[in-house]
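Hi,

Here is the structure I said I would pass along. Have a look at it first, and then read on for what turned up.

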Amino acid sequence: MSALPPTSDDTRIWDIWESIFTLPVVTVSDELGIFKALSDETLTTQELAAQLSLDVRALALLLAALCSQGLIDKRLGRWSATHETRRWLHPQARAYWGAFFVGFPGGIPMHAPLLEAIKTGKRPQESSDAPPSWERSSITAEAAARVVAFMHAHSQAPARGTSVQSEFAEVASVMDVGCGSGVYGIEMAKQNPQLQVGLMDLKEMCLEVDKYIAADGVGDRVKSLAVNMFNEAWPTGYESHFFANVFHDWTTETNKLLAKKSFDALPSGGRIFLSEILMNDEGTGPWPAAAFSLLMLIRTLGKQYSLAEFQQILESAGFTDVRARRSGGGYYSLVSARKP
């Protein structure tokens, strides 16, 4: 049988890979005493962090994952264990499963890095002198090829879902910032014949991007732009900017900087678009966002944000009319805003 082309729905594959966090969120929480603490009393994130000597920001991401799995509840800002947790995961319960889990943490790949991150608030890589490749001002050709292949593999479905959204039929040009393989911009060009597309990334990345542009035969309307988004001037003349899986790599402060650079480079009436898997406003899930946020915790400086958090970031730069809707690409949403 032959291979089939991608569609806009890869949620089954997402569910499979995000399952790598299902057991570690339980074993880490058990080891840290979270289940007992939240069985004994209701606590805020700050109170629980202080009681167990944990990092507040990292703990909030773990609690969201636990809540989305039905193991804890959140009411009026306070967390408590569910009946199932008190029955099966409380260390003093007759049917405590911890005695079974204790034999596995060393054999669970995500247990140790997640445990370290929740305790310290630092990703395991911070014990090394070398930051991840996407945080450097330049990377080797070999590293660029690996990053591009990595990004391309999990961006096919959301790129197809995003490219058919009506917003991209309403603009004449878009610049994809931190474009990875360029798959989003290329798909937008294929679906919207009026669209001129710029794919902006580090120069080493652009050498790989050019291969994808050529392979899809869209070189007449799509071009790569070798620009460091942090310390070089952004190209102007584009009606809109697009960021896919970019803001989730960075802190709120860094995202405000990126939003301001976008705002300054756009014309009046220009639009900014973010493709992200959104957390809910309560910080309690859903699981696809909460699990992805744990990956961000141990691999990047960021997390998965809520629409309310993105609204604050974008409005701080001057954007207005912030809104979002599911993009039809797996679990992703399309966040949009305008420059007055």
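**Salt bridges, empty space and a surface patch**

A search through the whole structure turns up twelve salt bridges. Before going further, please keep in mind that this is a predicted model. I'll go through three of the pairs, then move on to the cavity, a pocket and a patch on the surface.

Start with E187 and R160, which form a salt bridge whose closest N and O atoms are 3.4 Å apart. E187 sits in helix α10 and R160 in helix α9, so this pair ties together parts that are 27 residues apart in sequence. Is E187 buried or exposed? With a relative accessibility of 5%, E187 counts as buried, because the cut-off for buried is under 20%.

Next comes R271, which forms a salt bridge with E170, and here the closest N and O atoms are 2.9 Å apart. R271 belongs to strand β7 (residues 271-276), while E170 is in the loop between α9 and β3 (173-177), so the pair ties together parts that are 101 residues apart in sequence. The two partners fall into separate accessibility classes: R271 is buried, at 9% relative accessible area, whereas E170 counts as exposed, at 52%.

The third pair is D216 with K190, where the closest N and O atoms lie 3.2 Å apart. D216 is in helix α11 (residues 203-216) and K190 in helix α10, so this salt bridge ties together parts that are 26 residues apart in sequence. D216 is partly exposed at 34% relative accessibility, and K190 is partly exposed too, at 40%.

Which residues are linked with E187 in a network of salt bridges? They are R160, K190 and D216.

Now for the empty space. The structure holds one cavity of 30 Å³ or more, and about 70 Å³ of space lies in the largest cavity. Its lining is made up of M151, S155, G178, C179, G180, S181, V183, Y184, A244 and N245. Helices turn up again here: α9 (141-163) and α10 (183-191) are the elements that give two or more residues to that lining. What is the make-up of the lining by class? For the largest cavity, there are five nonpolar residues, five polar ones and no charged ones.

There is also a pocket you may want to look at. The second largest pocket has a volume of about 240 Å³. It is lined by 16 residues, and those closest to its centre are A60, L61, G283, K303 and E309. Helix α5 (residues 56-68) gives the most to the lining of this second largest pocket, namely four residues. By class, the lining of the second largest pocket divides into five nonpolar, five polar and six charged residues. So charged residues are present in this pocket lining because Asp, Glu, Lys and Arg count as charged, and K303 and E309 are among the residues that line it.

Last, the surface. W88, W97, F100 and F104 form a nonpolar patch there, and together they have about 430 Å² of accessible area. One of them, W88, is found in helix α6 (residues 83-88). W88 is partly exposed, with a relative accessible area of 39%; that clears the cut-off for joining a patch, because patch residues need over 30%.

That is the tour. Write back if you'd like to go through any of it together.

Best wishes

Notes:
Residues are numbered from 1 along each chain as its sequence is written. This is a predicted model: local features need pLDDT of at least 70, side-chain atom pairs count only at pLDDT 80 or more; totals for chains, interfaces and linings use all residues. Side-chain values use heavy atoms; hydrogens and water are left out. Patches are made of residues with over 30% relative accessible area and no salt bridge: like charges are joined within 9 Å, nonpolar side chains (Val, Leu, Ile, Met, Phe, Trp, Tyr) within 5 Å. Accessible areas come from the Shrake-Rupley method with a 1.4 Å probe; for residues, only the protein chains shown count as cover. A salt bridge is a side-chain nitrogen of Lys or Arg within 4 Å of a carboxyl oxygen of Asp or Glu. Buried means under 20% relative accessible area, exposed over 50%, partly exposed in between (1.4 Å probe, protein chains only). On a 1 Å grid over the protein atoms alone, a cavity is a set of points where a 1.4 Å probe fits but cannot get out, and a pocket is an open set with protein on both sides within 12 Å along at least five of seven lines; lining residues have an atom within 4 Å of a point. Grid points are joined across faces, edges and corners, and a volume is the space filled by probe spheres set on the points.
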